[in-house]
Amino acid sequence: MDQNQNIPTPASPDGRGDHQGKDVRRGRNDIIFISALLLILAIIGLGFFLFRKEGSSVTVEVGGQVYGEYSLSRDTVVDIATGDGELNRLVIRDGKAFVETATCPDGICVGHRPISRMGESIVCLPHQIVITVTDGVDEGPDIVV
Ligand SMILES: [Zn+2]
């Protein structure tokens with residue numbers, strides 16, 4: 001009985017070992033595959049982030065109404081008057097837009113870093129101002145003849 005049980009024993013771990021080996025190898029391949037996939041996704045994501053299309057203009061909205069659209073290729077200063085003497089000074093310089101000064105109490109819009117990429121925006125909640133980078137259609141500043 002004991003011997004009978006012992007005889008198949010060497011074969012059993014062998015087979016199991018083989019099976020386990022395959023599983024381990026497959027698992028490792030999966031990890032390599034997933035890692036590669038994640039790496040590729042990370043590179044694509046990074047590429048999107050780094051090479052996200054530079055916008056060509058900014059659209060200013062006040063209270064949901066379009067206040068004006070300004071090209072990023074032309075340095076300019078826009079005083080956005082929202083009534084009651086409230087003012088946000090939008091400055092466009094070197095292809096970037098930022099709020100230089102504002103009369104809003106929180107000053108968050110002034111503290112916002114300059115925006116220049118598509119979809120980026122500066123919001124002034126107290127004044128209901130939204131400044132968004134867009135690819136303006138009429139100016140076409142990217143085309144240099
Ligand atoms: Zn503000």
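This section describes the secondary structure, sheets and nonpolar core of a predicted model.

The protein chain contains 3 helices and 7 strands. Read from the N terminus, its elements follow the order α-α-β-β-β-β-β-α-β-β. The chain has 145 residues, of which 16% count as buried. Among contacts in the protein chain with a separation of 6 or more, 36% are between residues 24 or more positions apart.

One open sheet has 4 strands in the order β2-β1-β7-β6, and the pairing is antiparallel. The edges of this sheet are formed by β2 (65–71) and β6; each has a single partner strand, so one side of each is left without a neighbour in the sheet. From one strand to the next, the twist averages 15°. The antiparallel pairing of β6 with β7 comprises 4 bridges, and C124 stands opposite I129 in β7.

Another open sheet consists of 3 strands, ordered β3-β4-β5 and likewise paired in the antiparallel sense. Here β3 (76–83) and β5 occupy the edges; each has a single partner strand, and therefore one side of each lacks a neighbour in the sheet. Neighbouring strands of this sheet are turned against each other by 25° on average, direction ignored. Between β4 and β5, which run antiparallel, there are 6 bridges. Within this pairing, L90 stands opposite V99 in β5.

In soluble globular proteins, nonpolar side chains tend to be buried together. The largest nonpolar core of the model has 18 residues, and those with the most contacts inside it are V58, L90, A97, V99 and I131. At least two residues of this core come from each of β1 (57–62), β4 (86–93), β5 (96–102), β6 (121–124) and β7 (129–134). The largest share is that of β5, which supplies 4 residues. Contributions to the core thus come from strands of the 4-stranded sheet, namely β1, β6 and β7, and from strands of the 3-stranded sheet, namely β4 and β5.

The contacts of L90 illustrate the arrangement within the core. Not counting residues up to four places away in sequence, L90 touches V60, V78, I80, A97, V99 and I131. Of these residues, A97, V99 and I131 are also among those with the most contacts inside the core. V99 is, in addition, the residue of β5 that L90 stands opposite.

Definitions and conventions: Residues numbered from 1 in each chain as written. Predicted model: local features only at pLDDT ≥ 70, side-chain atom pairs only at ≥ 80, totals over all residues. Core = buried A, V, L, I, M, F, W, Y, C linked by C-beta atoms within 7 Å. Buried ≥ 20, exposed ≤ 12 C-beta atoms within 10 Å, placed from the backbone. Contact = placed C-beta atoms within 7 Å. Pairing = 2+ DSSP bridges. Axes fitted to C-alpha atoms, helices over the stretch in contact; angles between N-to-C directions.
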